[in-house]
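Me: I am new to this structure and would like a close look at its aromatic pairs and the core around them. Could you walk me through that part in one go?

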Amino acid sequence: MKNLYFSFLIFAFTVPAFAQEADVVNKIPGVPKQITAPKTIRICVPSRAGIIANPPLWIVNDVLMNGDVVTNYIRPASIESIDVRKDASTTARYGTSGQNGVVIIKLKKDLQLWNLKELFKNFGIRNKNQDFPVFIDKKELVNRTDFFIVNDIVASVKVVTVNDMPSRKNKVIQVTLKSL
């Protein structure tokens, strides 16, 4: 029993010492701390069912968007400003869809927000091929109507033949994104 008690005391007194030592190392005068920008957008909210069931309204460059599109296809480096609003005037302006808050994102001036039609036009995908299934970095795009992407993250768009696809059409549109 004495060994257990003694081990606990050693642990109790050494752990805070290690934590304090780590803090001192991080605060050495004259040594700059490097902070790098995140490569993806992460929205952290409390995990209550009411908040998740009622997400905020997302507006990017005056276009109403789905929150998943914002976090997956817009990079933090592409954003000029973010404005989060939740007040009576916001609810009055955007109606019931804005009652849970509105996140307004402005992209940098040289960037464009493309829907699928504009994406296909800019990469030369012909009209007859535009009904093929779309895969973005090997994940199938399910909802084509709510899809938007910022032009700076697209590396290539092309029609490819897939041999192992069990459908009447064995061609798909493959969108490849630039690496982070």
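Reply: The protein chain holds 5 helices and 10 strands, and the model you are looking at is a predicted one. Of the 180 residues in the chain, 28% are buried. Among contacts with a separation of 6 or more, 65% join residues that are 24 or more positions apart. The chain exposes about 13200 Å², and 56% of that comes from carbon and sulfur atoms.

Now to the part you asked about. A pair of aromatic rings is described by how far apart the centres are and by the angle of the planes. The count here comes to 2 aromatic pairs. One of them joins Tyr73 and Phe147: the ring centres are 5.3 Å apart and the planes stand at 70 degrees, which is over 60, so this pair is edge-to-face. Find Tyr73 in helix 3 (residues 67-73) and Phe147 in the loop between strand 7 and strand 8 (149-150); the pair therefore ties together parts that are 74 residues apart in sequence. Both Tyr73 and Phe147 are buried.

Trp114 and Phe123 also form an edge-to-face pair, with 6.2 Å from centre to centre and 80 degrees between the planes. Trp114 has a relative accessible area of 9%, so it counts as buried. Phe123, at 28%, is partly exposed.

Ile149 is a good place to look next, as its contacts include a ring from each pair: Tyr73 and Trp114. Leaving aside neighbours within four places in sequence, Ile149 also touches Gln112, Leu113, Leu119, Val154 and Leu177. The largest nonpolar core has 32 residues, and Ile149 is one of the three that touch the most other members, together with Met65 and Leu119.

From Val154, one of the contacts of Ile149, you can step to strand 9, which covers residues 154-161. Strand 9 belongs to an open sheet of 4 strands in the order 7-6-10-9, with mixed pairing. Strand 7 (139-140) and strand 9 stand at the edges with a single partner strand each, so one side of each has no neighbour in the sheet. At the strand 7 end, strand 6 (residues 134-136) pairs with strand 7 in the antiparallel sense over 2 bridges, and Ile136 stands opposite Lys139 there.

For one more buried residue, turn to Thr90 in helix 4 (residues 88-94). Its relative accessibility is 4%, so Thr90 counts as buried. Beyond its neighbours within four places in sequence, Thr90 is in contact with Arg85, Gly95, Gly98 and Val102.

Methods. Residues are numbered from 1 along each chain as its sequence is written. This is a predicted model: local features need pLDDT of at least 70, side-chain atom pairs count only at pLDDT 80 or more; totals for chains, interfaces and linings use all residues. Side-chain values use heavy atoms; hydrogens and water are left out. A nonpolar core is a set of buried Ala, Val, Leu, Ile, Met, Phe, Trp, Tyr and Cys residues joined through side-chain atoms within 4.5 Å. Buried means under 20% relative accessible area, exposed over 50%, partly exposed in between (1.4 Å probe, protein chains only). Contact means heavy atoms within 4.5 Å. Two strands pair if DSSP finds at least two bridges between them. Accessible areas come from the Shrake-Rupley method with a 1.4 Å probe; for residues, only the protein chains shown count as cover. Rings of Phe, Tyr and Trp (its six-membered ring) pair if their centres lie within 6.5 Å; planes under 30 degrees apart count as stacked, over 60 as edge-to-face and the rest as tilted.
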